Amino acid sequence: MPLKFANNQSLTGTTALPSAVPTDNLILISTQTASNSATISFTTGLDSTYDTYEFKFINIHARTANAEFSFNISTDAGSNYNVTKTSSAFRAYHREDGTGGVLEYNTVSDLAQSTGFQLFGEQGLGSDADKCLNGELLLFNPSSTTYVKHYILKSNDLGNFDYSVVSYVGGYANTTSACNAIQFKMSTGNFDGIIKMYGVKKS
Amino acid sequence: MPLIKYNNQSLSSITTLPASIPTGKLKLISSQTASNSASISFTSGLNSTYKVYKFVFSNIHSRTDAVDFTFNLSTDSGSNYNVTKTTTFFRAYQNEAGTDTALEYGTTRDLAQSTAFQIIADTMGSDSDQSGSGSLLLFNPSSTTYVKHFISTFQNYQGDNYSIQTYVAGYGNTTSAVNAVRFQMASGNFDGTIYLYAIDNS
């Protein structure tokens with residue numbers, strides 16, 4: 001093995017640290033960037049390595065006005081995204097002209113034993129150049145073969161009619177099969193944006 | 001200073017890094033797993049080292065049907081869990097049949113200057129596949145100046161086959177340092193893992 005030398009007080013060629021060295025517990029697993037894309041799917045990385053997975057949505061921009069961002073889960077590594085889900089949803093919104101100011105249960109975005117895609121909670125994303133959605137999705141224990149798979153979703157977006165909309169969705173994939181892939185897409189049309197998948201270390 | 005030698009391209013014998021080297025913001029302090037347990041208590045690790053602590057609940061499973069999952073705080077290292085609290089509680093739910101939905105404030109589940117345990121997930125199901133997961137943020141527990149705020153988010157498969165999101169926030173109304181937290185069902189035992197993380201100050 002060649003000798004390694006300190007280079008400007010950094011160590012070159014090092015690929016691992018001893019386990020005793022503290023490191024971050026929020027581990028970036030992968031990042032995908034949509035550019036006028038129909039879907040983004042994460043088909044690797046969802047396994048028993050972590051108990052909690054976090055997806056971060058950065059500047060998700062609909063190419064078609066009034067579309068809604070959504071996701072579904074797979075138990076067959078992405079061949080099908082059709083897991084049965086039950087969820088509840090609520091949101092608050094306020095318009096740029098000062099109207100609105102509403103907190104309400106969102107009957108459009110909840111699911112009752114449905115295999116359909118889970119909507120993020122907004123019924124009309126804007127497609128103007130500056131409009132987008134940001135938020136996060138927590139997915140708990142996707143690899144469990146004992147329990148259902150809970151998820152908690154929160155997002156904020158600038159809607160097509162100039163509303164600031166904050167949406168909350170909580171639910172479970174009603175399956176005891178391991179969930180090993182997840183897909184994101186618009187209800188109609190394509191989208192842009194960045195999705196990052198993290199794992200939260202458990203040891 | 002002894003020489004540090006390379007060991008299969010990892011650095012052996014190093015247990016800390018200089019402060020200038022970034023190591024991330026989320027630190028795992030400890031985890032505990034309940035297995036038909038009456039309670040789980042974190043009696044160490046909550047101190048002035050960090051300003052924000054985060055508990056993550058992974059598949060909390062009640063052994064008794066339709067029982068609430070709760071927590072309380074201690075200012076005496078776990079001898080007593082009875083800190084006075086004032087809180088709010090609201091939830092959204094839907095049943096699997098799709099016939100019952102609501103977004104509502106929980107007037108029977110909030111606390112007003114009470115030392116009782118605070119509900120953070122209500123009426124949890126005990127079927128073999130039923131569980132709940134979520135998180136609890138606890139802010140600056142070691143402060144001797146301010147009250148101790150907390151914010152909880154929980155998603156639960158409820159005993160009557162409802163999906164329920166629960167949001168609880170409040171404060172431990174004490175200027176004593178909080179140094180322990182206990183989690184338990186309102187009745188009966190539970191399974192599941194609870195992780196205690198800290199958000200790095202720097």
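**Exercise 1.** In this predicted model, determine whether A:Asp192 is buried or exposed, and then work out which parts of chain A its salt bridge with A:Arg63 ties together.

*Solution.* Begin with accessibility: A:Asp192 has a relative accessible area of 14%, and because buried means under 20%, A:Asp192 is buried. Next, consider the partner, A:Arg63, which at 44% relative accessibility counts as partly exposed. The two side chains meet in a salt bridge with an N to O distance of 2.7 Å. Finally, place both residues: A:Asp192 lies in strand β14 of chain A and A:Arg63 in the loop between β5 and β6 (69–74), so the pair ties together parts that are 129 residues apart in sequence.

**Exercise 2.** Find which residue of chain B forms a salt bridge with A:Glu54, and identify the network to which the pair belongs.

*Solution.* The partner of A:Glu54 is B:Lys54, with the closest N and O atoms 3.9 Å apart, which falls within the 4 Å cut-off for a salt bridge. A:Glu54 lies in strand β5 of chain A, whereas B:Lys54 lies in strand β5 (residues 52–62) of chain B, so the pair joins two chains. Both A:Glu54 and B:Lys54 are buried. Extending the search, one finds that A:Glu54 and B:Lys54 are linked with A:Lys56, A:Glu136 and A:Lys154 in a network of salt bridges.

**Exercise 3.** Locate B:Ile199 in chain B and list its contacts beyond four places in sequence.

*Solution.* B:Ile199 lies in strand β14 (residues 190–199) of chain B, and its relative accessible area of 28% makes it partly exposed. Leaving aside neighbours within four places, B:Ile199 is in contact with B:Lys25, B:Leu26, B:Tyr50 and B:Val52.

How values were computed: Residues numbered from 1 in each chain as written. Chains lettered and ligands numbered in written order. Predicted model: local features only at pLDDT ≥ 70, side-chain atom pairs only at ≥ 80, totals over all residues. Heavy atoms only, no water. Helix = DSSP H or I, 4+ residues; strand = E, 2+ residues; numbered from the N terminus. Buried < 20%, exposed > 50% of the residue type's maximum accessible area, 1.4 Å probe, protein only. Contact = heavy atoms within 4.5 Å.
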